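Please brief me on this protein chain. I work at the bench, so keep the points short and grouped by topic.

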Amino acid sequence: MASRNKIFKYDNLIEVDLMASSFRENIRRFLDKKFKKQDSAKKSTWLQYVIHRTYINVGLQLYVVEDTNQNQHCVHCLKMGWNSSLLTTRSYHFIIPKNSPPPLEVDDVEIDGSRYLLYAIVHTDGIGHLLCLNGIEGGSKYFPGREIMKLWDVMCRNLRVRKISVEDTSKKHSMYLRLLYAVAYGPEDEGFGEHWFKAWKYDILYEKVGVKQTEYKQSREFLHGWALDALVSDFKDSKDFEKLNQIISLYRSMSLKSCQQELANLKEMLRFMISVSFLADDDREVEKTEQNLGNIEKKSISYHELASIWSNKGKFSSERIEKALRAVINVLEGKGTESMTREEVRRAARTQVGQTGLLDFILKNLDDIVSHSFAASTILEANYMVKQWPEQVDKEGMLTLTCKVLRNNSEKGVVCVEKIYVSSGTTIGELKRVVERTLRDTYCLTENIEVREIEGLENLEDSEGLLGRVSSDAEIRVKGCGINWENSLFLNCVCEEEKEGEPVVECKVCRQLHHHKCHGLNDENISLLYICNTCSGAAI
């Protein structure tokens, strides 16, 4: 098999000098020069064997599947709120299967993460999504997740991908890594960040997850300083106290033995846990304690259990505490998302609980729980990240232009925006042809576009040059005909507001976009066959 297929070393997968300025051009050269086409596949499929520098006798099978059946807009783009993303002429699925041969019936909608070490989609315009990545714990026999991620990042950079999104669901045993890393590391820890993907410069999409950056930072700082002695004290009446105390005692003891350091707070302990895990992944005692800690994190507690724990403090009976606790929670739930001061809660709950001392007892204990729970939930909610690569033009004498295609001759009617790369010696006529080729090859909307004129250059002959008239990084606005409006989506939400970054869904009847938030939708309750209120009413 090795003699009949192209085999490349892991670190030399892509030669930079072969690359052009756009993903659209690069992916074709990449597949042509470095992959073997699979003639038996239903879709255009290419295969490459990648040999790792360490595991010299072990390789990965990297498949790229070209999907030209673009009959619906990318649900992942819409989910991210990238409303301006158009239906592209092609999408490329990058697949590293766990087993061979892999299932190559690609699907833009639902990806079974248990079948792949890597699954990612990149559209012709260079915008894509990392949908699945698994390392040793996810079923990889030899390659850690960091090595697979490095391979993916190298490909994205050198193929000139523009933007990649990822939903961070990664775990260490049963603990979410975005919580573990956020608490374990701070700004002073070079090479690490608030989540696992930060090492590859992926940033949290705060507008997508609905978390303010200041809240996220404060939550991290709050959990960083949670003293271990205080943590043990806070859980002393919990049924998980013995388990938690054993975990903290174990790591404190290990830290003293290995580096003569006394672990003082949660940040120091989690950072030490990560270092021990990387050095000794098969240490059963370490693994067991991490799994136990993850289980503590996931457990919920009932009113009755909480009242029973608080009654051990000796002031009030379990029955009275439970009744007062239910009254306070009912008051808070009645306000929905509106905020209330402590005094407002106290006054409202007094109609059901007459004793102010009992109410103060409940509110004080809830404060301790809410502070830590809110901080942890704020971090866990920040689960969407994105990485954007800067535009690169390596050759001297090249111009990078931002091309806007106008609709109805107005700025509001911009159909699409695309980067155009031409030499400084290009004529106006040649620029028009380059714009046409680029747009026809990239978007279904502009497959038949004919560029008639470029704003500001209308009175010049096509034979005249751009030199001295258009500079690099300039914006050009073009007008033309042949745009296929059937392949376009427009926002038609009840709010009538354009909100880039706000998740949207496509109505399958009118094919217009609607914001999740305006219609009470979220990632869990949304249907793949969504029909908007207008169309569903018309059907009735």
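In this predicted model, ring pairs tie Trp196, Phe197, Trp200 and Tyr202 into a cluster. The structure holds 10 aromatic pairs. Notes on the rings come first, followed by one strand, two backbone angles and the chain as a whole.

**Aromatic rings**

- Tyrosine 116 and tyrosine 119 make an edge-to-face pair. Their centres are 4.9 Å apart, with 75° between the planes.
- Tyrosine 116 is buried, at a relative accessible area of 5%. Tyrosine 119 is buried too, at 1%.
- Within the cluster named above, tryptophan 196 pairs with tryptophan 200. Their ring centres lie 4.9 Å apart. The planes meet at 45°, so this pair counts as tilted.
- Tryptophan 196 and tryptophan 200 are both buried.
- A charged side chain also meets a ring: arginine 178 lies over the face of tyrosine 176. The distance to the ring centre is 4.6 Å.

**Strand 5 and its neighbours**

- Strand 5 covers residues 91–97. How many of its seven residues are buried? Seven of the seven are, and the strand is mostly covered.
- Side chains leave strand 5 in two directions. Ser91, His93, Ile95 and Pro97 point one way. Tyr92, Phe94 and Ile96 point the other way. The residues on both sides are buried.
- Strand 4, residues 59–67, pairs with strand 5 in the antiparallel sense. Five bridges hold this pairing. In one of them, aspartate 67 has serine 91 of strand 5 as its partner.
- Strand 6, residues 116–123, also runs antiparallel to strand 5. Seven bridges join these two strands. Here isoleucine 96 is partnered by leucine 118 of strand 6.
- Tyrosine 116 and tyrosine 119, the edge-to-face pair, fall within the residue range of strand 6.

**Positive phi outside glycine**

- Most residues other than glycine have a negative phi. Two residues with a positive value are described here.
- Arginine 160 has a phi near 65°. It lies in the loop between helix 3 (145–159) and strand 8 (163–167).
- Is arginine 160 buried or exposed? Arginine 160 is buried, because its relative accessible area is 9% and the cut-off for buried is under 20%.
- Aspartate 473 has a phi near 70°. Its loop runs between strand 15 (450–454) and strand 16 (475–481).
- Aspartate 473 counts as exposed, because its relative accessibility is 65% and the cut-off for exposed is over 50%.
- To sum up the two loop residues: arginine 160 is buried, whereas aspartate 473 is exposed.

**The chain as a whole**

- The chain contains 16 helices and 18 strands.
- It has 540 residues, and 49% of them count as buried.
- Take the contacts between residues at least 6 apart in sequence. Of these, 63% join residues at least 24 apart.
- The accessible surface of the chain is about 27500 Å². Carbon and sulfur atoms account for 47% of that surface.

Note on methods
Residues numbered from 1 in each chain as written. Predicted model: local features only at pLDDT ≥ 70, side-chain atom pairs only at ≥ 80, totals over all residues. Heavy atoms only, no water. Buried < 20%, exposed > 50% of the residue type's maximum accessible area, 1.4 Å probe, protein only. Helix = DSSP H or I, 4+ residues; strand = E, 2+ residues; numbered from the N terminus. Pairing = 2+ DSSP bridges. Contact = heavy atoms within 4.5 Å. Areas by Shrake-Rupley, 256 points an atom, 1.4 Å probe, with all protein chains shown as cover. Phe/Tyr/Trp six-rings, centres within 6.5 Å; stacked < 30°, edge-to-face > 60°. Lys NZ or Arg CZ within 6 Å of the ring centre and 35° of its normal.
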